[in-house]
Amino acid sequence: MDLVGQHCLERPMNCLGDNQDEDWRLSPRSSIDSGQVLAVVGTLKTATRNATYSAIALNRSSVLQGIGNIFDEDLAGTASAFSGTVDNTDRFYVQYFARDCSGLSHCFEITEEMIPKGETVAFIERNYVVPGTARGADSRQTLTPLVIIFDGKARPSSR
């Protein structure tokens with residue numbers, strides 16, 4: 001998806017300007033209409049001192065329209081349930097997204113008003129300004145978040 005430059009300007013989109021103060025990571029598109037639970041897992045860039053502000057934006061894929069936002073302070077601590085098997089969980093996050101969040105902690109429920117049935121979702125992780133600089137993170141020093149798809153037959157256990 002081109003958000004910068006001439007390709008973007010030719011589309012009916014809000015194109016980005018000069019963005020040297022941030023690092024954006026766009027996920028692949030995912031479906032949520034068959035009971036899927038999506039786990040977005042990544043490094044919390046504020047905890048690794050690679051950003052002063054970080055967030056995950058939920059987007060309606062067809063128009064790349066922002067629907068919801070989870071801020072870094074809300075992502076902090078979401079991976080702590082995995083501390084028995086993962087070191088440094090304070091530097092990671094695990095945020096769930098689903099049509100039905102019953103029994104899940106750290107879950108954002110996506111209604112059909114937000115994302116109509118039949119459409120897909122995408123996530124953008126946004127990381128702004130490395131502390132002590134006026135620039136965004138060096139993309140070679142950041143990990144792209146993963147989207148783990150639970151198929152709806154099995155749901156993740158909320159620890």
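# Asking why: a disulfide, charged pairs and rings

Tutor: Welcome! Let's start with the link of Cys101 and Cys107, which is left-handed, with -65 degrees about the S-S bond. Keep in mind that this is a predicted model.

Student: What makes Cys101 and Cys107 a disulfide?

Tutor: Their sulfur atoms are 2.0 Å apart. The cut-off is within 2.5 Å, so the pair of cysteines qualifies. In general, a disulfide is a covalent bond between the sulfur atoms of two cysteines. The structure holds 1 disulfide.

Student: Why is Cys101 called buried?

Tutor: Cys101 has 11% relative accessibility. Buried means under 20%, so Cys101 counts as buried.

Student: And how do you know whether Cys107 is buried, exposed or partly exposed?

Tutor: The relative accessible area of Cys107 is 21%. Partly exposed covers the range between under 20% and over 50%, so Cys107 is partly exposed.

Student: What does the chain look like as a whole?

Tutor: The protein chain has 2 helices and 8 strands. Along the sequence they follow the pattern α-β-β-β-β-α-β-β-β-β. Of its 159 residues, buried ones make up 38%. The chain exposes about 8800 Å², and carbon and sulfur atoms supply 50% of that.

Student: Now the charged pairs. How many salt bridges are there?

Tutor: A search of the whole structure finds 3. In general, side chains of opposite charge can pair when their charged atoms come close.

Student: Why do Asp33 and Arg99 count as a salt bridge?

Tutor: The closest N and O atoms of Asp33 and Arg99 are 2.8 Å apart. The cut-off is within 4 Å, so the pair is a salt bridge. This pair links distant parts of the chain, 66 residues apart: Asp33 is in the loop between strands E1 and E2, and Arg99 is in the loop between E5 and E6.

Student: Which of the words buried, exposed and partly exposed fits Asp33, and which fits Arg99?

Tutor: Asp33 has a relative accessible area of 23%, so it falls between the cut-offs of 20% and 50% and is partly exposed. Arg99 has 18%, which is under 20%, so Arg99 is buried.

Student: What makes Glu125 and Lys45 a salt bridge?

Tutor: Their side chains meet at 2.8 Å, N to O, and that lies within 4 Å, so the definition is met. Glu125 lies in strand E7 and Lys45 in the loop between E2 and E3, so the pair ties together parts that are 80 residues apart in sequence.

Student: How do you know whether Glu125 and Lys45 are buried or exposed?

Tutor: Glu125 has 2% relative accessibility and Lys45 has 1%. Buried means under 20%, so Glu125 is buried, and so is Lys45.

Student: What about Glu119 and Arg60?

Tutor: Here the closest N and O atoms are 2.7 Å apart, within the 4 Å cut-off, so Glu119 and Arg60 form a salt bridge. Glu119 is in the loop between E6 and E7 and Arg60 is in strand E3, 59 residues apart. Glu119, with a relative accessible area of 18%, is buried, whereas Arg60, with 22%, is partly exposed.

Student: Let's turn to the rings. How many aromatic pairs does the structure hold?

Tutor: It holds 4 aromatic pairs. One of them is Tyr53 with Phe71, with ring centres 6.1 Å apart and planes at 55 degrees.

Student: Why is the pair of Tyr53 and Phe71 called tilted?

Tutor: The centres lie within 6.5 Å, so the rings pair. Stacked needs planes under 30 degrees apart and edge-to-face needs over 60, so 55 degrees makes this pair tilted. Tyr53 is in strand E3 and Phe71 in strand E4, 18 residues apart. Tyr53 is partly exposed at 25%, and Phe71 is partly exposed at 33%. Tyr53, Phe71 and Tyr128 form one aromatic cluster.

Student: What makes Phe97 and Phe123 a tilted pair?

Tutor: Their centres are 4.5 Å apart and their planes are at 45 degrees. That angle is neither under 30 nor over 60, so the pair is tilted. Phe97 lies in strand E5 and Phe123 in strand E7, so parts that are 26 residues apart in sequence are tied together. Both Phe97 and Phe123 are buried.

How values were computed. Residues are numbered from 1 along each chain as its sequence is written. This is a predicted model: local features need pLDDT of at least 70, side-chain atom pairs count only at pLDDT 80 or more; totals for chains, interfaces and linings use all residues. Side-chain values use heavy atoms; hydrogens and water are left out. Rings of Phe, Tyr and Trp (its six-membered ring) pair if their centres lie within 6.5 Å; planes under 30 degrees apart count as stacked, over 60 as edge-to-face and the rest as tilted. Helices (H or I, at least four residues) and strands (E, at least two) are DSSP runs, numbered from the N terminus. Buried means under 20% relative accessible area, exposed over 50%, partly exposed in between (1.4 Å probe, protein chains only). Accessible areas come from the Shrake-Rupley method with a 1.4 Å probe; for residues, only the protein chains shown count as cover.
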